[in-house]
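Q: Please take a close look at one helix in this model. I am new to the structure, so keep the steps short.

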Amino acid sequence: MRKIRIDADVESIAAEFQLELNKHKTEILQAIGELKDKFDGSHSLTRGTAAMNAVDVKKCYDYIDKLKKDYDNGSLTLMKPNDFDKTHQVYNGYLKDKELKWSVSIDGDKATPLHKRLTEAMGYQKIVRDEIYPPLMRKMGIKACVYCNANYTVSAEKGSGRGYFELDHWKPESKYPFLCTSFYNLQPCCPHCNKRKSASNKYEFLKLYEEDQNEPLDVFEFRIPRGSIVRYFNKLDTSHIKVTFKATDASLVKLRDDAEEKFGIEGIYNEHIDVIEEMLWRSKFYDNVIVRSMTWLYGKRNSIVDVARFKLGTYAGEDEIHKRPLTKMMQDIGKQIGII
Ligand SMILES: [Zn+2]
């Protein structure tokens, strides 16, 4: 819902991520190397019922060899989003997107798509998603889905019931497996959005990390019709309150439309009109006199209470919207109705 500027704080978390990942570097390089060796010409490789031809086998070998070298020299882990596509072009010179989907059986094992074998060798799930990433995400305060901001990113694992953080690859791992453990390609999201976001090239999706200093961070905004506020206070009728989801700039309309089409943002938010109703109550209850005395007593004097947060009912800072679901909508509508 809102981008995060890559600044010194974010870079220090990313550096911590790299440090933790480096502890596993030897075992990961070994796993990638073992996978590469399966394509050295001495193994039985089949796609469907047919044996793979030597040219295709060599292409796979070269792709994995390139990946292993890049992994070893450390150029992938902290690669910035602006470099993703040109690196993808280089990798496409070895294997095309559709070739990464080849389901290959090695020495009679279960046929598995190449990209899945690569992400497994790179330790995405076991090392990154389950072990290294969760504490860093807690440190960054990202608990709400970066796509919808309506749900938490925590999910329970099938079977064990253990809670884990849901993660999405901004650039899909099926086409960009070399970025499957790259810090700036990992985006915390909710199970709903993760399931609905497909690897289709037809859609654009919010890039969480922004490296360009001039690019705006706020790309979407929520609004309710002006007249609905007056109508609400006349008859206490919420039926006129409809949440609309907009792009903040004409150049961002496609990003907005894709988010709407894939995730059904307006449909989700119009199920939360009760939250807006409470905000309207608070806008009346905390009038200027109450807020001034509250600020004097608890805010400025001894900083017990973050008055803006108390009044809004959630975090009031623009850079805090990832801390709790619905915060983006509450901040936007809070500004519209004058709470903040
Ligand atoms: Zn979501």
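Is helix α15 (residues 327-336) largely enclosed by the rest of the structure or open, and what packs against its buried residues?

A: This is a predicted model. In it, helix α15 spans residues 327-336, and eight of its 10 residues are buried, so the helix is largely enclosed by the rest of the structure. "Buried" here has a cut-off: 20 or more other C-beta atoms within 10 Å of a residue's own.

Now the names. The buried set begins with Thr327, Lys328, Met329 and Met330. Gln331, Asp332, Ile333 and Gly334 complete it. Lys328 and Asp332 count as charged, and both belong to the buried residues of α15.

Next, the surroundings. The buried residues of α15 pack against one strand, β11 (220-223). They also pack against three helices: α11 (265-269), α12 (273-285) and α14 (307-312).

Take α12 among these partners. The axes of α12 and α15 lie 11 Å apart, and the two helices pack at an angle of about 40°. An angle under 35 degrees would count as roughly parallel, and 65 to 115 as roughly perpendicular. The pair α12 and α15 is therefore oblique. Their crossing is right-handed.

Which residues make this contact? From α12 come Val275, Ile276 and Met279. From α15 come Met330, Ile333 and Gly334. By class, the contact of α12 with α15 holds five nonpolar residues, one polar residue and no charged ones. Gly counts as polar, and Gly334 is the glycine in this contact.

The spacing along each helix is worth a look. An α-helix has 3.6 residues a turn, so residues three or four places apart point the same way. With that in mind, look again at Met330, Ile333 and Gly334 of α15, which meet α12. On the facing helix, Val275, Ile276 and Met279 can be read in the same light. Met330, Ile333 and Gly334 also appear among the buried residues of α15.

Finally, the end of the helix. Gly338 comes just after α15 and takes a positive phi of about 85°.

For contrast, look at another helix pair. Helix α2 (residues 25-37) and helix α3 (residues 54-72) pack at an angle of about 165°, with axes 9 Å apart. These two are therefore roughly antiparallel, and their crossing is left-handed. The contact of α2 with α3 has eight nonpolar, one polar and four charged residues. The contact of α12 with α15, again, has no charged residues.

Conventions
Residues are numbered from 1 along each chain as its sequence is written. This is a predicted model: local features need pLDDT of at least 70, side-chain atom pairs count only at pLDDT 80 or more; totals for chains, interfaces and linings use all residues. Axes are lines fitted to C-alpha atoms, for helices over the stretch in contact, and angles run from 0 to 180 degrees between N-to-C directions. Helices (H or I, at least four residues) and strands (E, at least two) are DSSP runs, numbered from the N terminus. Angles under 35 degrees count as roughly parallel, over 145 as roughly antiparallel, 65 to 115 as roughly perpendicular and the rest as oblique. A crossing is left-handed if the near helix is turned anticlockwise from the far one by less than a right angle, and right-handed if clockwise. A residue is buried if 20 or more other C-beta atoms lie within 10 Å of its own, exposed if 12 or fewer, and partly exposed in between; C-beta atoms are placed from the backbone. Two residues are in contact if their C-beta atoms, placed from the backbone, lie within 7 Å.
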